[in-house]
Amino acid sequence: MRVVNSEQMRQIEERAIQDYGIPSLLLMENAALAVVREIRAHFAGMGVLDPKGHKAVILVGKGNNGGDGLAVARHLVLLGMGVTVFLFSPPEDFRGDAALNLRLYQGTGAKFFVVRGDRQHLTRLALNQAEVIVDAIYGTGFRGALPTFIREYVEQVNQAAAWVISVDIPSGVEAGSGNVSGTAVRAEETVTFGLPKLGHYLGEGPDFRGELVVDPISIPETYFESEAIANFVLTDRLVSSFLPRRLRQGHKGQHGRGILVAGSPGMSGAAILAGRAALRTGVGLLQIIAPRQISPLVDEGVVEATVWAGPEEEYLGLDSWTRIRERCQGAQALAVGPGLGQNPEFLPVLEKVLQSISLPLVLDADALNLVAAAPDILAGRQGHGSRILTPHPGEMARLCRLTVAEVQANRLELAISKAVEWEATVVLKGATTVVAAPDGRAFLNPSGNPGLGAGGTGDVLTGSILAWLAQGVDPVEAACLGVYIHGKAGDLLAQTYGFSGYTAGEVADMLPRARRALEESGRGGGGN
Ligand SMILES: NC(=O)C1=CN([C@@H]2O[C@H](COP(=O)(O)OP(=O)(O)OC[C@H]3O[C@@H](n4cnc5c(N)ncnc54)[C@H](O)[C@@H]3O)[C@@H](O)[C@H]2O)[C@@H](O)CC1
Ligand SMILES: [K+]
């Protein structure tokens, strides 16, 4: 599914209004009805089929987000609920569809209160009595920080016991970036319209939005398919379309041969985890090249793989080039980096790999740290295969000569610009991993949880991407498959363990189940 900023969403709405001829007031009504449906579903989930008499507070700003809120308020009044509306601007400031919805709301005979800084005790009482709070203060038109008196109010909302539902985006979250200055409404659920916004996935947005529901508000799907929108969010439907088909009579030679160059003393585990993940992702044959000292350990740790002891004792260096080149003959993909250590003598080998091996290549961990010392080697273009770089923010910072804070403040744009510059797929890891393609597209990954923030999970990801490449998947799609299924495996583990305490090895072992769930969801047409 595509994901947009405020301006892109506004253009889609404008086209729907102009070309399709749907009146903006109808879009607002549909938006409100989607929110009402979710509120009813929430009550139904608690066994309340008729919400009559139950209490709701609606927080209304003067823009169109507030207009949506007023339409919600009207419908809740018509359902017989006890509705209290707070306006954050005086009624005369409302314009257009929002002003019309204010009149329609007033037409029900229900009342509103204008919030001012000095009457907080009244609003606090209502907030404490509410079962549902509808947040329609700001939507996609919001930038910067909440005004002080609204911020104080929002802090009370966040302390109230009520179930909070945000209209389009939690007030205080910027739709284009997910930035939150100070605070924002913390919602249990957000109903967004048309397409999801970047701020639902980036920055602090995911911490505030709760569950995200996307409603098309009756805009036809073709309006969402604009080629000009190059950012996507990974969904079951999209990612399952990237899965390679397996022939019933397929044999190991047809399921790809992957080469993994990894490990050093004290870090044999990185090679083992990446190897295990490659096997759990279905690679037909796996060969691991590791330094001599640890190769018996790796051999034992990944019994299904063939392990080739590198010529060097502890850290792979210059002499390993011949072995790598040899092994790459007849292989379909190569991954270099997990637990490799940073022997400067390996840098010329990396350079040769980049210049003269034409297999799809994953560079991770210490391979990236070595490249960071000489980023120019990424520029050499002759005869290379497609490349995937999988930096975490620290590695990205070193590669780009930035601070980690600078990387984190600008994850999406940075990943895209570097993917274009390096002509490589960049997988910038973190909460909401970004997969950026050399053609400028980007894919945001919503799967996964904080439990994945533990040693070894990056090695698992590298092994998994290697295996998808070896099975012939296009590099950008291989990166998306790797990232999405890796996150899903973490989510399956979180069902048992919560958000900590499961290990990278368990993530690797959970990969097939996560993939199978994806296949089933893809077949059922579920997800979107
Ligand atoms: N355009 C359309 O056709 C539709 C829009 N819809 C709703 O309209 C919303 C967008 O409406 P608007 O563009 O009116 O924007 P908002 O309703 O988000 O409000 C923007 C208002 O807040 C002000 N503002 C922005 N940042 C501020 C800050 N830091 N401090 C104080 N004031 C600030 C702006 O100057 C503007 O007056 C969407 O989020 C959605 O809820 C829906 O009704 C569906 C249809
Ligand atoms: K909102």
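Leaving out neighbours up to four places away in sequence, S171 is in contact with eight-odd partners spread along the chain, among them D135, I137, Y138 and F142. V154, S166, A184 and V185 are also on the contact list of S171. The residue sits in the loop between β5 (163-167) and β6 (189-193). Because S171 has 28 C-beta neighbours inside 10 Å, and 20 or more is enough, S171 counts as buried. This is a predicted model, so please read every contact here as a property of the prediction.Apart from residues within four places in sequence, S171 is in contact with D135, I137, Y138, F142, V154, S166, A184 and V185. This holds for a predicted model, in which S171 belongs to the loop between β5 (163-167) and β6 (189-193). S171 counts as buried because it has 28 C-beta neighbours inside 10 Å, where 20 or more are needed.

One of those partners, D135, lies in strand β4 (residues 132-136). Setting aside residues up to four places away in sequence, D135 touches L59, V164, I165, S166, V167, P170, S171, V185 and A187. S166 and V185 thus appear among the contacts of D135, and they also appear among those of S171.

What does UniProt list here under "binding site"? The unreviewed entry gives N65, D135 and S171. These residues span 107 positions in sequence, yet no two of their C-alpha atoms are more than 9.4 Å apart, so they gather at one spot.

**The ligand shell**

N65 comes up again around ligand 1, which is surrounded by 26 residues. The closest of them are G63, N64, N65, G139 and G141. Two elements, α2 (24-45) and α3, each give two or more residues to this shell. Which element gives the most? That is α3, with 5 residues.

**The strands around α3**

Helix α3 (residues 64-78) connects to the strands as well: with β1 and β2 it makes a right-handed β-α-β unit. Strand β1 (residues 55-60) runs parallel to β2, and 6 bridges join the two. Within this pairing, V60 has L87 of β2 as its bridge partner.

Strand β2 (residues 82-87) is mostly covered, with 5 of its 6 residues buried. It also pairs with β3 (residues 112-114) in the parallel sense, over 3 bridges. There, F86 is bridged to F113 in β3. Helix α4 (residues 96-107) joins β2 and β3 in another β-α-β unit, which is right-handed.

**A second annotated group**

Further along the chain, a "binding site" annotation in the unreviewed UniProt entry covers K429, G430, A431, T432, T433 and G458. They span 30 residues in sequence, but no two of their C-alpha atoms are more than 14.1 Å apart, so this set gathers at one spot.

K429 is placed in the loop between β15 (425-428) and β16 (434-436), and T432 is found in the loop between β15 and β16. Not counting residues up to four places away in sequence, K429 touches T390, P391, H392 and G458. G458 is itself one of the annotated residues. With sequence neighbours again left out in that way, T432 touches Y201, L202, P206, L444, N445 and P446.

Here are the burial values for four annotated residues.

| Residue | Other C-beta atoms within 10 Å | State |
|---|---|---|
| D135 | 29 | buried |
| S171 | 28 | buried |
| K429 | 26 | buried |
| T432 | 23 | buried |

**Confidence**

How high is the mean pLDDT of the protein chain? It is 94, and 97% of the residues reach 70 or more. For the model, the scores are ipTM 0.97 and pTM 0.94.

Note on methods
Residues numbered from 1 in each chain as written. Chains lettered and ligands numbered in written order. Predicted model: local features only at pLDDT ≥ 70, side-chain atom pairs only at ≥ 80, totals over all residues. UniProt positions renumbered as here; feature names shortened; annotations may be inferred. Helix = DSSP H or I, 4+ residues; strand = E, 2+ residues; numbered from the N terminus. Buried ≥ 20, exposed ≤ 12 C-beta atoms within 10 Å, placed from the backbone. Contact = placed C-beta atoms within 7 Å. pLDDT = per-residue confidence, 0-100. Pairing = 2+ DSSP bridges. Right-handed = clockwise from strand over helix to strand, strands pointing away. Near = placed C-beta within 6 Å.
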